Amino acid sequence: LAALGADAQLTALLGTAMYDAPPRGATPPYLVIARHDLVLRDGDAAPGYEHRVIIHLWHPDPSRKAVLAMAERVTAALVDAALAPAGLFVTTQLHQRTDTAIDLDTGQARAALTLGFFTEPAA
């Protein structure tokens, strides 16, 4: 969330509407970190970790273009930027896929962004 909040273009699109859990009663646009899965991937010299992060983005209009612009900024903030989480060294940052849909009940655009990271403990 810190890396996302530091991206000025993303905050221009979302404001501070970035959550770890789906909000009740919040209105789009907003971002939710839907999943963060962690798998131990030991290497020869040091333990490593594979992270899969799924982020859901919501836009109030039925606009794939608008929700994809949000997904592009999230990708730039998390995959194209130099991340330095406390105690970890990020060795790989990947955009794995983006799925979009228009919610039939609300008419809102949604994107599910899947990102992958590999980390090792910082020396």
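This report walks through a predicted model, from its nonpolar core to a few individual residues.

## The nonpolar core

Let's start inside. The largest nonpolar core has 22 residues, and the members that touch the most others are Leu 4, Leu 31, Ile 55, Leu 57, Val 74, Leu 78 and Leu 115. Five elements each give two or more residues to this core: the helices α2 (8-14) and α3 (64-78), together with the strands β2 (30-40), β3 (49-59) and β5 (109-121). Helix α3 is the biggest contributor, giving 6 residues.

Ile 55 is a good place to look around. Beyond its neighbours within four places in sequence, Ile 55 is in contact with Leu 31, Val 32, Ile 33 and Ala 34, with Val 74 and Leu 78, and with Ala 111, Ala 112, Leu 113 and Leu 115.

## Helix α3 and its cover

Helix α3 has the length one would hope for. Its 15 residues should span 21 Å at 1.5 Å a residue, and the C-alpha atoms at its ends are indeed 21 Å apart, so the two values agree.

The buried residues of this helix are Ala 66, Val 67, Met 70, Ala 71, Arg 73, Val 74, Thr 75, Ala 76, Ala 77 and Leu 78. An α-helix has 3.6 residues a turn, so residues three or four places apart point the same way. The cover over the buried residues of α3 includes α1 (2-5) and α2 as well as β2, β3, β4 (88-102) and β5.

Thr 75 is one residue of helix α3 worth a closer look. Thr 75 counts as buried because its relative accessibility is 14%, under the 20% cut-off. Apart from neighbours within four places in sequence, Thr 75 is in contact with Asp 80, His 95 and Leu 113.

## An aromatic pair

The model has 1 aromatic pair. The ring centres of Tyr 19 and Tyr 30 lie 6.0 Å apart with their planes at 75°, so this pair is edge-to-face. Tyr 19 sits in strand β1 and Tyr 30 in strand β2, 11 residues apart, so the pair links distant parts of the chain.

How accessible are the two partners? Tyr 19 is partly exposed, at 29% relative accessibility, whereas Tyr 30 is buried, with a relative accessible area of 11%.

## The loop between β1 and β2

The loop between β1 (18-19) and β2 holds Gly 25. With a relative accessible area of 75%, Gly 25 counts as exposed, because the cut-off for that class is over 50%. From Gly 25 to Gln 9 the C-alpha distance is 25 Å, with their positions 16 residues apart in sequence.

Pro 29 is also found in the loop between β1 and β2. Here is a detail to check on screen: the peptide bond that joins Pro 28 and Pro 29 is cis, with omega about 10°.

## Arg 110 on strand β5

Our last stop is Arg 110, in strand β5. Arg 110 is partly exposed, with a relative accessible area of 26%. Which residues does Arg 110 touch, not counting those up to four places away in sequence? They are Leu 57, Trp 58, Val 67, Asp 99, Thr 100 and Ala 101.

Leu 57 appears again here: this contact of Arg 110 is also among the core residues that touch the most other members. Val 67, another contact of Arg 110, is one of the buried residues of α3. Leu 94, by contrast, is 16 residues from Arg 110 in sequence and 21 Å away in space, C-alpha to C-alpha.

Definitions and conventions: Residues numbered from 1 in each chain as written. Predicted model: local features only at pLDDT ≥ 70, side-chain atom pairs only at ≥ 80, totals over all residues. Heavy atoms only, no water. Core = buried A, V, L, I, M, F, W, Y, C linked by side-chain atoms within 4.5 Å. Buried < 20%, exposed > 50% of the residue type's maximum accessible area, 1.4 Å probe, protein only. Helix = DSSP H or I, 4+ residues; strand = E, 2+ residues; numbered from the N terminus. Contact = heavy atoms within 4.5 Å. Phe/Tyr/Trp six-rings, centres within 6.5 Å; stacked < 30°, edge-to-face > 60°. Expected span 1.5 Å × (residues − 1).
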